[in-house]
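User: I am new to this structure and would love a close look at one part of it. Could you walk me slowly through the charged and polar side chains, and then through what surrounds them?

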Amino acid sequence: NADDVTINMDGHALVGPGINSGHGIYQGSAYRNLRVHNGKVVQWRGTNKKGVRAYGKNSQFDHIQAATNYAGIYGGPGSTISDCTAYNNADDGIDAEDGSTISDCAAYNNSGHGITADDGSTISGCTVFKNSGHGIHTLYGSTISGCSAANNSANGIYASKGSTISGCTASWNTGDGIQAWSDSQLTGNTCDNNGNGGDGAGIHVTSTRNRIDSNHVTDNDRGIDVDSTGNLVIRNSASGNGTNYVIAGGNTYGPLVTNSGALPTSGAAAHPWANFSF
């Protein structure tokens, strides 16, 4: 219950008593600038309790392993969470409030989402797999880049309104590889074998004003799935999906081209915005 506290765990483990525990480390919302690093928090399994729960602003967590807790790590607004691992928790692995940055973390085998972040957050270089919810779940205006999401029981990556998802890989998730709602940009992603044991597209947008550009989708139930009107779909490639492109009416998209052999220098296959099936 103070500002400007640093807890250097020095490689040690903070071990809870199990199902009757409180939080391992706790900070209230009135405080700020907590740093916790270099240790493990395990067995803080009381209902809705976490290995680390800091409601205060501008927290920093790094090099923490959070395992077998009710939930792993929770950061308040403006948190920075880096080089942390959250696994085998009974709810979410890593959770952060508005304006947070999560980088180079791993979240696996959690019974909720792997990583969850609120509005205006940035997630980069993270690996999420075998979580029972979404691998990554973000709210409005978030940026997700360079992440890998595999074998999650819902969607690999889910983003809400006004987000950017780029350079990510999503594979073997039960739901969609990447799903976005509206006003988002999805570029340069690779999505393979999603809908694994369920129903899913490589990339799926459910509302309007999204840009789907230069993605590669293979062996999904559906390659690129666009439910609503007013989206832009260009320069994508799709192969081996149950249906490569499912695009509702009222969208703008480059020619849908299937071509065997060398591509021509004129016509639809040479169009700069063409989408390819092969």
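Analyst: Happy to help; here is a walk through the salt bridges, followed by a histidine, a strand, the core and a loop residue.

First, some ground rules. This is a predicted model, in which local features need pLDDT of at least 70 and side-chain atom pairs count only at pLDDT 80 or more, while totals for chains, interfaces and linings use all residues. Residues are numbered from 1 along each chain as its sequence is written, and side-chain values use heavy atoms, with hydrogens and water left out.

Let us begin with the salt bridges, of which the structure holds 7. The term stands for a side-chain nitrogen of Lys or Arg within 4 Å of a carboxyl oxygen of Asp or Glu. One of them joins Asp62 and Arg35, with 3.1 Å from N to O. Asp62 belongs to strand β6 (residues 60-67) and Arg35 to strand β4 (residues 35-44), so this pair links distant parts of the chain, 27 residues apart. Strands here are DSSP runs of E with at least two residues, numbered from the N terminus. Asp62 is buried at 7% relative accessibility, whereas Arg35 is partly exposed at 29%. Buried means under 20% relative accessible area, exposed means over 50%, and partly exposed lies in between (1.4 Å probe, protein chains only).

Another salt bridge connects Arg209 with Asp183, their closest N and O atoms being 2.7 Å apart. Arg209 sits in the loop between β25 (201-205) and β26 (211-213), and Asp183 in the loop between β22 (178-180) and β23 (185-187), so the pair ties together parts that are 26 residues apart in sequence. Asp183 is partly exposed, at 25% relative accessibility.

A third example is Arg222 with Asp225, where the closest N and O atoms are 2.6 Å apart. Through shared salt-bridge partners, Asp199, Arg222 and Asp225 form one network. Arg222 counts as buried at 16% relative accessibility, and Asp225 is buried at 6%.

Asp225 also leads us to His204, which touches Asp225 along with Asp176, Ile178, Gln179, Ala180 and Asp227, leaving out residues up to four places away in sequence. Touching, or contact, means heavy atoms within 4.5 Å. His204 lies in strand β25 and is buried at 10% relative accessibility. Its side chain makes a polar contact of 2.8 Å with that of Asp176. Such a contact is a pair of N or O atoms within 3.5 Å; within protein, one must be able to donate a hydrogen and the other to accept it, and residues adjacent in sequence count only if both atoms are side-chain atoms.

Now for a covered strand. In β7 (residues 71-75), 5 of 5 residues are buried. It pairs in the parallel sense with β5 (residues 50-54) over 4 bridges, and Ala54 stands opposite Gly75. β7 also pairs in the parallel sense with β10 (residues 94-96) over 3 bridges, where Ile73 stands opposite Ile94. Pairing requires that DSSP finds at least two bridges between two strands.

Ile94 is also among the residues touched by Ile115, which include Ile102 and Val128. Ile115 and Ile102, together with Phe61 and Ile81, have the most contacts inside the largest nonpolar core, which has 47 residues. Such a core is a set of buried Ala, Val, Leu, Ile, Met, Phe, Trp, Tyr and Cys residues joined through side-chain atoms within 4.5 Å.

Finally, Asn48 lies in the loop between β4 and β5 and is partly exposed at 44% relative accessibility. Beyond its neighbours within four places in sequence, Asn48 contacts His23, Arg53 and Tyr70.
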